[in-house]
Amino acid sequence: LRWPAGDLEALAYAWPDAAREALLEQGFSEERREPEPDSRPTALRRLASELYQPTSDPLPPEQCEGLRIVRAASREDEADVALAQARAWRRGEPAPGERARRWSDVLIVVPDTARYRPSLTRAARELGVPLKVHGKVPLRCSPLVQGALAFLRAAACFELPPLLVAAACPGFGLAPDEADRLRRAARRQGLPATGCPELWPRLASQLEGPAGAFVEQAHRLGHALSDALREERDRAEQEAYEREGPAGLLRARPTTRSGARLIRQALEELLRPTALSLLGARPNLDAIQHASDEAAARRELLELLADLERLGAPLPDQAYAEAPEAPWEERESRPGTPSVIGPSESLVNRIEEEVRSARYEPADRRAEALNVVSVREARAWEAEVVLILGLVEREFPAPASEDAFLPEATRRALARMRPVA
């Protein structure tokens, strides 16, 4: 189309039915072009246009070049079949004149990388396929973060079971022999499960070594959290009293600022990234990948704590709401009263809630690996072989909506609404 030099304001008021005539009157020239030939195999064109139509007939075998549909009994079976086919293609001989086949020439497209990651990872480990899943992972799935959260709950509530869980957590806690020493010592002492902080120093002094230092770190962090939140609460109560009088005392709450700062500083010392020198002279690729994942999870957790420190969100104080006449020292978690939640435990609950909704991107810089991407990301990829998993009729791909701007559920809800006179 060649644009004229005149005024085109009249085009804005042209009716849709007369759009073509209005363009021609303004000086546009009409040119009809023949559609470019589709280079895709017949089966691929049929898949894109008629696969889920009720009148689709199966293609004859001679027209099924470039496409193969395989039925799977479950997601686990689907992952096994897909990776077995990818491995068979990778081991096959290339055609004359073609370059050697690589793992990166295969692309797997899935509806949701989070749901398919466990199945594909398990199948890749069993079949010996280097797999690289693109997409974020829930932060709570990291063993390093699980150990850190258990350590925080043990420190905030002086609970022994989460301390033993944190000690046995790989990448965060103690060596297996030291974790076993801690477990046996706690059993010999007959320590209660919760609410006895005065017994922890005795346990630490009897253990000594790394296990004793681990118990002492949790004990110090618990007392530091309690003191910091108490000071912040006293300061908030004083400011509320000066601003609103006695009524403001009931609304004064400690925030996440001081507690998150203490926890972040403590975890920066405990969650030290794995040094490459500790992986050996010739480290295994799996060990390097595991260390990279731990470093990414550590960075995301510390950034989350920094955000809580910066925001300073108020903490719910259930103990104060249930018994406002009790002094501050008695509003901490006490043994035998699990319904009473002190500010330290409220802070840990808030951190666990934030971790459940957080995700992080694992660090995987391998170039020679089989890539797994979501449907949205697949638009930017090219590959010799593409395996699409999760094909379910009228679910994935979803049927086309009649309204291009509103989701189908929203359109139906609006259709049911009646206008108000």
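Two strands are said to pair if DSSP finds at least two bridges between them, and strands themselves are DSSP runs (E, at least two residues), numbered from the N terminus, as are helices (H or I, at least four). The model is predicted, so local features need pLDDT of at least 70 and side-chain atom pairs count only at pLDDT 80 or more, while totals for chains, interfaces and linings use all residues. Residues are numbered from 1 along each chain as its sequence is written, and side-chain values use heavy atoms, with hydrogens and water left out.

**Exercise 1.** Work out in which order the 4 strands of the open sheet stand.

*Solution.* Begin with strand 1 and strand 5, which pair in the parallel sense over 4 bridges; here Ile-108 has Val-372 of strand 5 as its bridge partner. Next, strand 2 is joined to strand 5 by 3 bridges, again running parallel, and Lys-132 has Asn-371 as its partner in strand 5. Then strand 1 (residues 106-110) is joined to strand 6 by 4 bridges, also in parallel, with Val-106 opposite Val-385 and Val-109 partnered by Ile-388. The order is therefore 2-5-1-6 in an open sheet with parallel pairing, and because strand 2 (131-133) and strand 6 each have a single partner strand, they stand at the edges, with one side of each lacking a neighbour in the sheet.

**Exercise 2.** Determine whether the residues of strand 5 are buried or exposed.

*Solution.* Apply the cut-offs for relative accessible area: buried is under 20%, exposed is over 50%, and partly exposed lies in between (1.4 Å probe, protein chains only). Leu-370, Val-372 and Ser-374 point one way from strand 5, Asn-371 and Val-373 point the other way, and all are buried. With 5 of the 5 residues buried, strand 5 is therefore largely enclosed by the rest of the structure.

**Exercise 3.** Describe the surroundings of Ile-388, which lies in strand 6 (residues 385-388).

*Solution.* First compare the two faces of strand 6: Val-385 and Leu-387 form the covered face, whereas Val-386 and Ile-388 form the uncovered one. Second, Ile-388 counts as partly exposed because its relative accessibility is 42%. Third, Val-386, Ile-388 and Leu-391 make a nonpolar surface patch of about 240 Å², where patch residues have over 30% relative accessible area and no salt bridge, like charges being joined within 9 Å and nonpolar side chains (Val, Leu, Ile, Met, Phe, Trp, Tyr) within 5 Å. A salt bridge here is a side-chain nitrogen of Lys or Arg within 4 Å of a carboxyl oxygen of Asp or Glu, and accessible areas come from the Shrake-Rupley method with a 1.4 Å probe, only the protein chains shown counting as cover for residues.
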